[in-house]
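User: Could you take a close look at how the ligand is held in this structure? I'd enjoy one connected walk through the site and the parts of the fold that go with it.

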Amino acid sequence: MMDTTTQVLVIGGGPAGSTTATLLAREGFQVTLVEREVFPRYHIGESLLVALNHIFEVLGVREKLEAHGFQKKTGAFFEWGAERWLFDWGKLPGEHRSSFQVKRSEFDHILLEHAKSQGVQVHEGVTVRGLHFDGDRPVRASWQAAGGAAGEIAFDFVVDASGRSGIMANRYLHSRRHNEAFQNIAVWSYYRGVQHPDVGLTGPILVGSVPQGWTWTIPLHDGTTSVGLVVHEKYFQERRKTASVEEIFTEGVSRSRLASEAIAPAERVSEIRVEGDYSYLSEVLAGPGYFLAGDSAAFLDPLLSSGVHLATYSGMLAAASISSILRGEILPEDAATFYATCYREHYLRWMLIVSTFYDQNSGKETYFWEAQRLSTGDINAADAKLAFTHVVAGIEDLKEAGQTDLLAEVSARMRENLSHNVAEGGDGAAPTPFSDLLREEDLRCLPTAVGYRVVTEPRLGIARVSGSVAEPALAAV
Ligand SMILES: Cc1cc2nc3c(=O)[nH]c(=O)nc-3n(C[C@H](O)[C@H](O)[C@H](O)COP(=O)(O)OP(=O)(O)OC[C@H]3O[C@@H](n4cnc5c(N)ncnc54)[C@H](O)[C@@H]3O)c2cc1C
C-alpha cells in the first residue's frame, strides 16, 4: 500500500530514477519511487561508459554489478569513413579502466533492487497519471496500479525520471526542444553465434559508419549480441515506401564491414525493434519543488553511448541538490540554477562531441551526414563555449568568434585529439584530452560559474566553491 505523503517522489525506476532515489535514501530522506512496469523489463541502451564506475561507487552498488557477470568492456572501436579509432580504456590513468555491456533488464533490476535495499519505498506496476500544482509547484501525484487501485501521494519534491515519456516536460512545462540535427531512427535486433573481431580490447562496442548512418555491435554476457542500425528519419521514411523494416535493417547492416563480418556466421534470435532516437533537451530542468533527470530531461543521439551516464549523472546531481536544500544548505532557487547549469553544460558538451564525430566522416555526400550538423537552432555560441570550457584547452580564446567559427574551431580541436587515437598499428599513444573526456571522472561537476559544486564527502550535497577550495554551502534558508 502506498503512503499518502513522502518527502521525495521519484517517477520512474530506470537508471536516473533509481540513482536519485538510492542516493537520497542513503542521505536519510524518505523516498518513494513509482515505476509503471514490473521489473525486469526490456530496455535499449546496453553499452556503458567507464565514468559510471564512480557513480556505482557512490551508490554502493559496484560489487553487486561486478558479481552479476556482465560482459566486461574495455573500450570502443570505430570504423568511421576512412578512419579507424580505438578508444582503449586500458591506457587511461586512474583506477577505472573498464565498464560493462549490460542487458538492461538485468542492470536496471539490480539498481532498483539496490534502491529498495537502501530504504526506498518502491512501487512497481504503478503509473503516475498526473501531477497537481500549488501555483507552479507540483505538490501531489495521482497514481494508478495495474490491478486498478488508485490514489494520491503528496510530496515536498518530485524527481521526474520517467524517461522519454517526460511527464513534466511534455505535459506541464511544454519545454522539450528537439534538435534539428540527429533526427534518427534506430533499428536493432539480437544475434547468437557472432564472430567478434579481435581489435585488442575486451568486449568493445564496434561502431561502423555506412552511407546512410552507422551500426553498432555490442556483445552481451548471455552469449547474444546486440546489433543496431541508425539512419536518418527521412531516409527511413522514404525507404519504407518500398522496403520492410527488416529489409532496411539487413541492407544497412550489410553495408558495414564490421557488423556484417561479425554476424555472417550468426543467427538472429529476436524480433527487429525500431525506435526514433531524436535528440532533445528540456528548456527547463528544475524549478520549485521539481527536478527532471535522465531522458525525461534530455536525450542525446546514442553514438557515444552517453545515455546511462547522463541519466545517472543527472540523478546524482538531483539527489545532491535536494539533499542540500532539505538540509538548509542552499537556497532552492540557487540549487535549481546550479542543477540546470551543470546538466545543460554536460549535455551540450556531449552533443558537440557527437556532432564533431558526425563531422568527421569522409562519406559526407549522403543526406544523413549532411543532416547531422548542428544548426543555429540547436545550440548558441555562448552555450557552446561554456560546454567546452573544461574540455578543450584554450577555448576561452574563442570568445570573439561567431557561432559558425566556434563550432568549426571546436571541430578542428576535436579532430586533433581524435587523430591521436587512430588505431592503425596500435601505437600505444598516450591518453589524450579526448579520451580523458570519455573517462568523465569529473563527478564533481566543475561549472564554478554558478559558485557551487557537488561533493560526495562527508555527505552528498552541494558546496560553495571559493577560490580552488570548496566549503560547505552556507545555511541560507
Ligand atoms: C537506440 C538507442 C540506443 C541506445 N544505446 C545506449 C547505449 O549503448 N548506452 C547508453 O548509455 N545509453 C544508450 N541509450 C540511451 C539510454 O537508453 C537512455 O538514455 C537511458 O535508458 C535513460 O535512463 P532513464 O532512467 O532516464 O530512463 P528509462 O531507462 O527509460 O526509465 C524511465 C522509466 O520510467 C518509467 N515510467 C515512464 N512513465 C511513467 C509513469 N507515468 N509512471 C511511472 N513510471 C513511468 C518507465 O517504465 C521506465 O522504466 C540508447 C537509446 C536508444 C534509443
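Analyst: Let's start at Ser305, where a polar backbone atom is 3.3 Å from an oxygen atom of the ligand. Please keep in mind that this is a predicted model, so every value here is computed from predicted coordinates. A second contact comes from Ile44: one of its backbone N or O atoms lies 2.9 Å from a ligand oxygen atom. Ser165 takes part through its side chain instead, with an N or O atom 3.3 Å from a nitrogen atom of the ligand. How much of the ligand does the protein cover? On its own the ligand has 1000 Å² of accessible area, and the protein covers 96% of that.

Now for the shell around it. There are 39 residues around the ligand, and those that come nearest are Glu35, His43, Ser47, Asp295 and Val308. By character, the shell residues divide into 16 nonpolar, 13 polar and 10 charged. Several elements of the fold supply at least two shell residues each: helix 1 (15–26), strand 2 (31–35), strand 8 (126–134) and helix 9 (307–326). Where does the ligand lie with respect to the domains? Shell residues come from both domain 1 (5–69 + 102–179 + 280–330) and domain 2 (184–276), so the ligand lies between the two.

Back to Ser305 for a moment, since its backbone deserves a second look. Ser305 sits in the loop between strand 21 and helix 9. Its phi is positive, about 55°, although Ser305 is not a glycine. Is Ser305 buried or exposed? It counts as buried, because its relative accessibility is 13%, under the 20% cut-off.

His174 makes a nice companion case. Its phi is also positive, near 50°, in a residue other than glycine. His174 belongs to the loop between helix 5 (167–173) and strand 11. With 53% relative accessibility, His174 counts as exposed.

Both of these loops border strands of one small piece of the fold, so let's look there next. An open sheet of three strands has the order 11-18-21, with antiparallel pairing. Strand 11 (176–178) and strand 21 (298–299) are its edge strands, each pairing on one side only. Three bridges link strand 11 to strand 18 (residues 280–282) in the antiparallel sense, and within that pairing Arg176 stands opposite Ser282.

Another backbone feature is found in the loop between strand 2 and helix 2 (52–59), which holds Pro40. The peptide bond from Phe39 to Pro40 is cis, with omega near 0°. There is also a cis bond from Glu457 to Pro458, with omega near -5°; Pro458 lies in the loop between strand 22 (452–455) and strand 23 (461–466).

Finally, a look at strand 12. Eight of the nine residues of strand 12 (residues 184–192) are buried, so the strand is largely enclosed by the rest of the structure. Which strands does it pair with? With strand 15 (residues 224–232) it forms nine antiparallel bridges, and Ser189 has Val227 as its bridge partner there. Strand 17 (residues 273–276) joins strand 12 through four bridges, again antiparallel, with Ile185 opposite Gly276. Strand 16 (residues 267–268) adds two antiparallel bridges to strand 12, where Tyr191 is partnered by Arg268.

Definitions and conventions
Residues numbered from 1 in each chain as written. Predicted model: local features only at pLDDT ≥ 70, side-chain atom pairs only at ≥ 80, totals over all residues. Heavy atoms only, no water. Buried < 20%, exposed > 50% of the residue type's maximum accessible area, 1.4 Å probe, protein only. Pairing = 2+ DSSP bridges. Near = heavy atom within 4 Å. Polar contact = N/O pair within 3.5 Å; in protein donor to acceptor, adjacent residues only side chain to side chain. Areas by Shrake-Rupley, 256 points an atom, 1.4 Å probe, with all protein chains shown as cover. Nonpolar A, V, L, I, M, F, W, Y, C, P; charged D, E, K, R; others polar. Domains from an automatic or database assignment.
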